[in-house]
2 protein chains.
Amino acid sequence: MKAASLKPDAYAANCPTRQILDRVGDKWAVLILLLLRSEPMRFNQLRRAIEGISQKMLSQVLKSLERDGLLRRRAIATVPVTVEYSITPLGSTLAEAVDPLRDWAEQNLKEVLAAQRRYDAQRKALAA
Amino acid sequence: MKAASLKPDAYAANCPTRQILDRVGDKWAVLILLLLRSEPMRFNQLRRAIEGISQKMLSQVLKSLERDGLLRRRAIATVPVTVEYSITPLGSTLAEAVDPLRDWAEQNLKEVLAAQRRYDAQRKALAA
DNA sequence: CAGAATCCCTAGTGATACTG
DNA sequence: CAGTATCACTAGGGATTCTG
């Protein structure tokens with residue numbers, strides 16, 4: 001865990017958008033948020049749903065999402081203990097703000113991939 | 001430079017959204033895109049505008065953005081050479097899809113920070 | 001000016017084991 | 001079940017140097 005940054009650039013680091021984009025860009029954060037949007041889930045339930053995340057990362061990301069007020073953690077005193085994670089209203093609004101990006105991705109991924117192929121073909125031609 | 005991933009999880013890695021979110025989450029990519037939205041810029045012009053990016057990163061990010069078809073690179077044969085980067089239509093639509101996120105960030109950063117303070121205060125109380 | 005190539009170092013991440 | 005703690009790794013990113 002490191003603080004934002006120590007002394008650097010005035011343009012990038014201070015920008016509120018940066019912090020949010022970092023969170024959105026986080027490999028798992030948005031994924032978790034989107035999952036919780038449909039229903040509350042428990043720890044291992046999320047773990048299985050995501051399949052590929054280590055429990056360390058899951059635990060870590062959940063903690064920061066909770067810290068940011070984007071989701072809420074509820075421990076239920078059963079034996080063994082049950083913990084339920086649910087999205088907060090704030091988290092929901094963020095998830096909504098991400099939707100246009102999802103849409104863009106789905107609509108334009110093909111074009112991006114095509115551009116990549118073109119670029120790579122071009123480069124290969126030059127290399128020859 | 002690594003390929004997407006080799007064999008892992010079916011849920012996270014295959015998702016088109018993941019690739020895009022990675023790009024959006026990239027520390028500089030979106031920043032650059034947003035800058036270019038207003039006007040084409042040259043390499044060192046961007047470098048100065050961002051202030052804090054290393055030229056390695058700038059060069060690297062520019063290259064992948066170009067590869068993705070999100071911006072276009074034009075080398076003009078002057079002495080010394082001039083290179084101009086401009087956003088593509090595809091890049092513009094992505095930038096637009098990011099706007100809701102910017103807005104969310106600006107509107108809700110305060111609340112996020114407040115949540116963080118609450119969380120931290122809570123934790124400190126428990127630690128005592 | 002616009003980059004490419006190197007070196008280097010640390011922070012992010014996974015795997016493994018342990019706990020309440 | 002729901003985590004925490006350790007260790008060990010490597011890839012991301014900065015600083016520096018060189019080039020067309």
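In the predicted model, a polar backbone atom of N44(B) lies 2.9 Å from a phosphate oxygen of DNA strand C, a polar contact being a pair of N or O atoms within 3.5 Å, for which within protein one must be able to donate a hydrogen and the other to accept it, and residues adjacent in sequence count only if both atoms are side-chain atoms. Phosphate oxygens of the strand are also approached by side chains: an N or O atom of Y85(B) is 2.5 Å from one, and a polar atom of K63(B) is 3.4 Å from one. The strand is surrounded by 18 residues (near meaning a heavy atom within 4 Å); K56(A), M57(A), Q55(B), R73(B) and Y85(B) come nearest. Of the strand atoms within 4 Å of the protein, 52% belong to sugar or phosphate.

Between the two protein chains, 47 residues of chain A are in contact with 47 residues of chain B (heavy atoms within 4.5 Å). The buried area, that is, the accessible area (1.4 Å probe) lost on putting the two parts together, summed over both, is about 4300 Å², with 70% from carbon and sulfur atoms. Two salt bridges cross this interface (a side-chain nitrogen of Lys or Arg within 4 Å of a carboxyl oxygen of Asp or Glu). R67(B) forms a salt bridge with D120(A), with the closest N and O atoms 2.5 Å apart.

Local features require pLDDT of at least 70 and side-chain atom pairs pLDDT 80 or more, whereas totals for chains, interfaces and linings use all residues; side-chain values use heavy atoms, without hydrogens and water. Residues are numbered from 1 along each chain as its sequence is written, with chains lettered from A and ligands numbered from 1 in the order in which they are written.
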